[in-house]
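Colleague: I would like a close look at a single part of this protein, followed outward into whatever surrounds it. Please start with one helix and keep to what the model shows.

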Amino acid sequence: MAAFLLLFLVFSSQLIGGMNAQLPSSAYENIITILSIDGGGIRGLVPAVVLQHLEKSLQAWDKSATLAKYFDVIAGTSTGGLMTAMLTTPHPDDPTRPLSTATELIDFYKTYGPSIFNETRGWNNAFPGPKYDGKFLHYIARDLLRNTRVSQTLTNVVIPTFDVKKLHPVIFSNFQLKEVPSFDAKLSDVCIGTSAAPTYLPPYYFQNDGTEFNLIDGGVAATNPAMAAVTEVIKQQKEKNPEMTPKNSNENTKILLLSIGCGTVKTVGYDAEVAEQFSAAVWATSGLATGAYDYASKDMTEFYISTVFPGLQSSDYYLRIQDYNLDPSMDALDNATAVNMENLVKVGQKLLEEPVLKMNVATFVPEEDVEWGTNAKALERLAEVLYREKKLRSMRKKSMEKMGRPFIQNVVGKSKQVITNA
């Protein structure tokens, strides 16, 4: 009887857990949906425009649609981490809705970008300290996100940072909270940390649950956080997390991944014969060293995704939207002039009308993917897939609840009878 009751408790706890989620647990279907947003400072306007189109496409199917209701995981680094927090923090007036819509993200950058990147002192590369003091970013993050913690987000989040004292990445996600309770930090602290780009904004120190954090930009570890998000999901599946594992053990779980970049400038490299003459000062002051690592990190993320998870390369399950030929005049992380921000919005709008590009991981040259059409059409198709997936989950959830209710009532009735007879 004890074993029987234990089975009942496990079953009912899993059922209740699925009922509490805004998006029914992926356990009720076999597709896990992930949204990943790159880092890029003020260039976050580009993915914000892309997300606006996706959100509107979802609302054509479901008027109340929000991104948090349709993705099991939303991941973001640096400016992408800030967007992730705003898209998943419950609204103070309606906890079932997010703090921000995708359209409001665009307004956020236009309104507050100039204050975040407001150089109030003379600064050059020799000046001690970062270019910006970060005070306004700290203020606005705390004001908007308030006391919301990682555990309180509307869907799962994955936000990479880097601890400059311990010299290793710190990835804040809902999946790690049981194992590392100190990761249940305030989202404002996490966002300030993941956005602290070296030379631009100061490293950020805070304590949570007795643990110290000394954080800098998550882009040091993962400018593109897609791999971090996928890895978190795979880990949960291996650990048999009931929210990430199909209830039918015979089904294979697929991953649907939408990854959005902030634009990257097409650069010209150097012949080895030329580069061998570079001094350490040339490497350092020209930014060649850090630039090489940045490009390598992004390319390796594409390589890992396509190699380790080949199923993601199917046009049905992996969509990467990125401007690979951004105008160099818009490359700066901190150019928050009205003109530049309007130009970045136009980049996002133009990107929607361009064909989907898929990275050839042998040559690392993006190639047109004729299966998808334009990025706008691909997002509209994706919106339909997301809508049908949620609808299917809801139907299966209701069906399983109907099947489970008599079982639960039967067990409860028998339990009461045993107690009465005792």
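Modeller: The helix I will start from is α6. Its buried residues are Leu137, His138, Ile140, Ala141 and Leu145. This is a predicted model, with an average pLDDT of 83 over the protein and 78% of the residues at 70 or above. Residues 1-21 have a pLDDT below 50, and in the model that stretch makes 24 contacts beyond near neighbours in sequence. Residues 405-422 are also below 50, with 11 such contacts.

What lies over the buried residues of α6? The cover includes α4, α5 (102-116), α7 (187-194) and β7. I take α4 and β7 further below, after the end of the helix and the loop that follows.

Just after α6, Arg146 has a positive phi of about 55 degrees. Most residues other than glycine have a negative phi. The loop between α6 (135-145) and β5 (156-163) holds Thr153, and Leu154 also has its place there. Thr153 counts as buried because its relative accessibility is 11%. Its side chain has two polar partners to report: the backbone oxygen of Val150, reached at 3.1 Å, and the side chain of Asn174, with a polar contact at 3.1 Å. Leaving aside neighbours within four places in sequence, Thr153 is in contact with Thr88, Asn174 and Leu187. Of these, Thr88 is one of the buried residues of α4. Leu154 has a relative accessibility of 14% and so counts as buried too. Its C-alpha atom is 9.8 Å from that of Leu67, and 87 residues separate the two in sequence.

Now α4, part of the cover over α6. This helix (residues 79-88) is mostly covered, with 10 of its 10 residues buried. They are Thr79, Gly80, Gly81, Leu82, Met83, Thr84, Ala85, Met86, Leu87 and Thr88. Ser78 sits in the loop between β2 (73-76) and α4. Although Ser78 is not a glycine, its phi is positive, at about 55 degrees. With a relative accessible area of 7%, Ser78 is therefore buried.

Strand β7 (residues 204-208), also part of the cover, has two unlike faces. Tyr204, Phe206 and Asn208 point to one face and are buried, while Tyr205 and Gln207 point to the other and are not. The strand runs antiparallel to β8 (residues 211-216), and 5 bridges join the pair. One of the pairings is between Phe206 and its bridge partner in β8, Phe213. The hairpin has 2 residues between the strands, and Asp209 takes a positive phi near 55 degrees there. Asp209 is in the loop between β7 and β8, and it is not a glycine. Its relative accessibility is 57%, so it counts as exposed.

Both Phe206 and Phe213 lead on to Phe172. Not counting residues within four places in sequence, Phe172 is in contact with Val157, Val158, Ile159, Thr161, Phe183, Ala185, Val190, Phe206, Phe213 and Leu215. In the largest nonpolar core, which has 76 residues, Phe172 is among those that touch the most other members, together with Leu35, Leu51, Leu258, Leu319 and Leu379. Helix α2 (residues 45-59) gives this core its largest share, 8 residues. There is a second, separate core of 18 residues, including Val73, Val230, Ile234 and Ile255.

Strand β6 (residues 168-173) also contains His168. His168 counts as partly exposed because its relative accessibility is 35%. Beyond residues up to four places away in sequence, His168 touches Phe162 and Asp163. The C-alpha atoms of His168 and Ala221 are 8.2 Å apart, with their positions 53 residues apart along the chain.

Two cysteines complete the picture. Cys191 has a relative accessible area of 1% and is therefore buried. Cys262, at 1% relative accessibility, so counts as buried as well. A search of the whole structure finds 0 disulfides.

To return to the starting point, the buried residues of α6 are covered by elements that include α4 and β7. In α4, 10 of 10 residues are buried, whereas in β7 the side chains alternate between a buried face and one that is not.

Notes: Residues are numbered from 1 along each chain as its sequence is written. This is a predicted model: local features need pLDDT of at least 70, side-chain atom pairs count only at pLDDT 80 or more; totals for chains, interfaces and linings use all residues. Side-chain values use heavy atoms; hydrogens and water are left out. pLDDT is the predictor's confidence in each residue, from 0 to 100. Contact means heavy atoms within 4.5 Å. Buried means under 20% relative accessible area, exposed over 50%, partly exposed in between (1.4 Å probe, protein chains only). Helices (H or I, at least four residues) and strands (E, at least two) are DSSP runs, numbered from the N terminus. Two strands pair if DSSP finds at least two bridges between them. A polar contact is a pair of N or O atoms within 3.5 Å; within protein, one must be able to donate a hydrogen and the other to accept it, and residues adjacent in sequence count only if both atoms are side-chain atoms. A nonpolar core is a set of buried Ala, Val, Leu, Ile, Met, Phe, Trp, Tyr and Cys residues joined through side-chain atoms within 4.5 Å. A disulfide is a pair of cysteine sulfur atoms within 2.5 Å.
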